[in-house]
Amino acid sequence: MDYFILRIGITFVFMKYFISFVLFFVLVCLTGCDTIRNKQSDLQDFIPEKAHTIIKINNFEDNKAALASNDLLFPVLSKSTLAALIQNIHPQSESLLCVSKNNAKKDYTFITHLQKVELINDSIKTSSETNSVKKIILNDIPFYTFTKDSIIVIGSSEKEIKAVFNKKTLHDELFDRSFKVADKKGISIISKANKLQFSDSVAINFAKWMCLNTVISSGGITATGVAIPQDSIPQISTLFKGQTPQTTQFLTVLPSDATKAFSFTYSDFDVFQNNLTAKDSVSIQKKDAIFNLVNEVAVFSINKEKAIAIKSLDTQLTYEALVANFSEKNLYKDVAIYQFLNPELFKETFSPLIKVTNFTFAFQLGDFFIFTETQENAQHIISSYKNESVFAKSINYKNLLNEISSSSSLFIVQNGEEFATSLSKLTGIQSVSKKVIKQFPLAITQISFDRDFAHLNLVCKEVSLKNQSPSSGVTETASIRLKNTIALAPAFFTNHITKGKDIVVQDIDNVLYLISDNGKILWKKTLNGKIIGEIKEVDILKNGKKQLAFVTKNKLYVLDRNGKPVKPFPISFTDNITQPLAVFDYDNNRKYRFAITQGNKITLFDSKGKKVKGFTFSKTKSDIVLPPTHIRIANKDYIVIAEQNGKLHILNRTGKTRINLSKKFDFSDNPIVKEGNNFVIISKNNTKHSIDTKGRVVSKKLKVSGTYYFTVNGRIKATLDENLLRINGKLVALPYGIYTQPLIFNSKGNSYISVTDTQEKKIYLFTRYAKPVQGFPIYGISRVSLATSKGRLLLVTQTDDATVTVYRIKEQN
């Protein structure tokens, strides 16, 4: 593809010669030509013998605006003085611009019917005339011209123009066939296409001639046409004889950050492999069992590493054929990654289309089996697939959908830096501005082989920098796999040194980890048991250096950021701790109270590990069923304790009853929260009880399903009724699933609400306005933690039984 894109680019860059040639034509009109005859010849009769590219422009006047304003082809030329000249040229009929190779230089010839042209120019001079070929000087540059049979020919090479005058012109049957395909109205490019370069390592003879009927506008290029091979020379078309183009599907697994990719399809593997063998006259190993049920093979690049994807028509049979090449495996986001023992399989089977031999990892995504050089790339592809950050979902690809066919023999994608290289060739300018690269971020070429020719389709369109929407607002920044299964979901913890966030997580062996936000394990510490509930962040030394506070079955821990206990902690207990640690900071002055619940007993400890003697409440008649909660209303403190028997205690700081309630409640798992100036309880039968500070209770049976969550954080209220999420009353209908309780996070003045579908393993994130955050849902299996770290909005979650994954999120307005 690079080859014929190169042809297109070079010829269009030298369109300036085309303008000059038309000026010469004016001179001939002004000086008079006694060689003009009434007979009309074909323009094709005057194409130079060595021309390799011919641009056929049916009406230059109709197309000049698009040519002048196309930033893809003319990002520099359109800004020059030539842009002003082009507005004064008015040829009204078909024209040809021919490019010939003359050693290291190019010669250009312009051919059109002799007609009147409106142009103001005083810089043309006539130098000499030999045998009816005139030499013309324009701005000190020599050109040569003659007219014959009402046709004017102008060129940069005296030798070539004289040869054309003496009828040494192009005579080629395959060129004639290509020329006949040229569009009758627009712009067509007929060019030799000797090599097809569709990957870094693969360049194959493509065709003798090709014709692209091209639509050029200020917004990009689209082109359709044919390529005609030469039967006497082995070419890529011979590989696809006897094959029917198949549907291209590899874009559903191609990460959106892939830099270059191509796929080929076949309908009959035996015939296809015989064609491969015949082309290179070498023996290719038969792999019928593996590839008979495959109809698409794709090769793509990520981070300068190659990967291969094969599309199976029966994944079970393909797996059974491949499994002999698999060894030990590990899981990543519920996908098995195998060691692949036959790295040369694809080169042996599909040479010369595939020449890479170092594929050592394999895994399956949907109907595709994918092979990579490294495990890191395997994980990256899996993450992109799980998060739907793939080409098929990208806005740039969707913008081109109407221009491409669903089926092809070859499908070539260029993106990012790799596309910049091709774009430079397309424009003919060595340095392409970043603006132009961003405006034209994606080019797709399709080739479908049909008997003795190939159908071509090339699309490259502009994306508005002002209005474009990125394919995703989420980027995976780190992924850490622990040795053991995760027992406590990961959460963020403040790093006072970096001013960022680290991650805390515990595994089933009771090992507590502190991990940096870029995935480096900072330390590990084995605890005496599983952490109950969440880890709290405190500053008991009041110096800005944060500590981790939590409880296990028999201990209250306070650890510094190096994993060392802060004396006198840990505190050990004989009786089991039965509820998560509750931490009260009544006046936000870091005079903490640690509330320990043991069955029906509650004990408060201060930051020095001593019991708080002023707290007189010690036990309830039945077990405490929720963690004790501190709520502040109208400058008064309330400590709320719920009993199994339905009794609700609302106490003051000293443990004395502040609000006396006789009504009992059937407490659910929903925490007791503050809504306005009321305490809110959601009972097991989904009745909402609102209690004011005078002890008055208003109960209302909610019209909701059996699974109902209710949470409030400041001015944000979120409820979840099965799949119906409401954020401050605004409804979001989620797909049906099994969801975690909504969590509310605040970051830099913004509020975010998250839920996780543990059945489909998807994380959803919304703004306070119930708008989905761009790039969500993403893959995850646990509740999330969200925080700002060094100016970046980060989210951490669990993505399989032992993997912690960090995502960076684009801040929402």
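## A short tour of strands and cores

Four bridges join strand β40 (residues 678-682) to strand β41 (residues 687-691), and the two run antiparallel. Keep in mind as you look around that this is a predicted model. Below, we start from that pair, move to a hairpin, and finish with the nonpolar cores.

**The sheet around β40 and β41**
- Within this pair, I681 stands opposite H689 of β41.
- Both strands belong to an open sheet of four strands, ordered β39-β40-β41-β42 with antiparallel pairing.
- At the edges you will find β39 (673-675) and β42 (697-701), each of which pairs on one side only.
- On average, neighbouring strands of this sheet are turned by 30 degrees against each other, direction ignored.

**The β21-β22 hairpin**
- Strand β21 (residues 442-450) runs antiparallel to β22, and eight bridges join them.
- One bridge to look for links S448 with its partner H455 in β22.
- Two residues lie between the strands of this hairpin, and R451 in the turn has a positive phi of about 55 degrees.
- Seven of the nine residues of β22 (residues 453-461) are buried, so this strand is largely enclosed by the rest of the structure.

**The nonpolar cores**
- In soluble globular proteins, nonpolar side chains tend to be buried together.
- Here, the largest nonpolar core has 45 residues, and F264, F291, I310, F346, F350 and F371 have the most contacts inside it.
- Strand β9 (residues 203-217) supplies the largest share of this core, four residues.
- Another core, of 31 residues, lies apart from the largest one and includes A258, I302, I404 and I444.
- Leaving aside residues up to four places away in sequence, F291 touches Y266, F269, I310, L345, F346, T349 and F350.

Terms used
Residues are numbered from 1 along each chain as its sequence is written. This is a predicted model: local features need pLDDT of at least 70, side-chain atom pairs count only at pLDDT 80 or more; totals for chains, interfaces and linings use all residues. Side-chain values use heavy atoms; hydrogens and water are left out. Buried means under 20% relative accessible area, exposed over 50%, partly exposed in between (1.4 Å probe, protein chains only). Two strands pair if DSSP finds at least two bridges between them. A nonpolar core is a set of buried Ala, Val, Leu, Ile, Met, Phe, Trp, Tyr and Cys residues joined through side-chain atoms within 4.5 Å. Contact means heavy atoms within 4.5 Å. Axes are lines fitted to C-alpha atoms, for helices over the stretch in contact, and angles run from 0 to 180 degrees between N-to-C directions.
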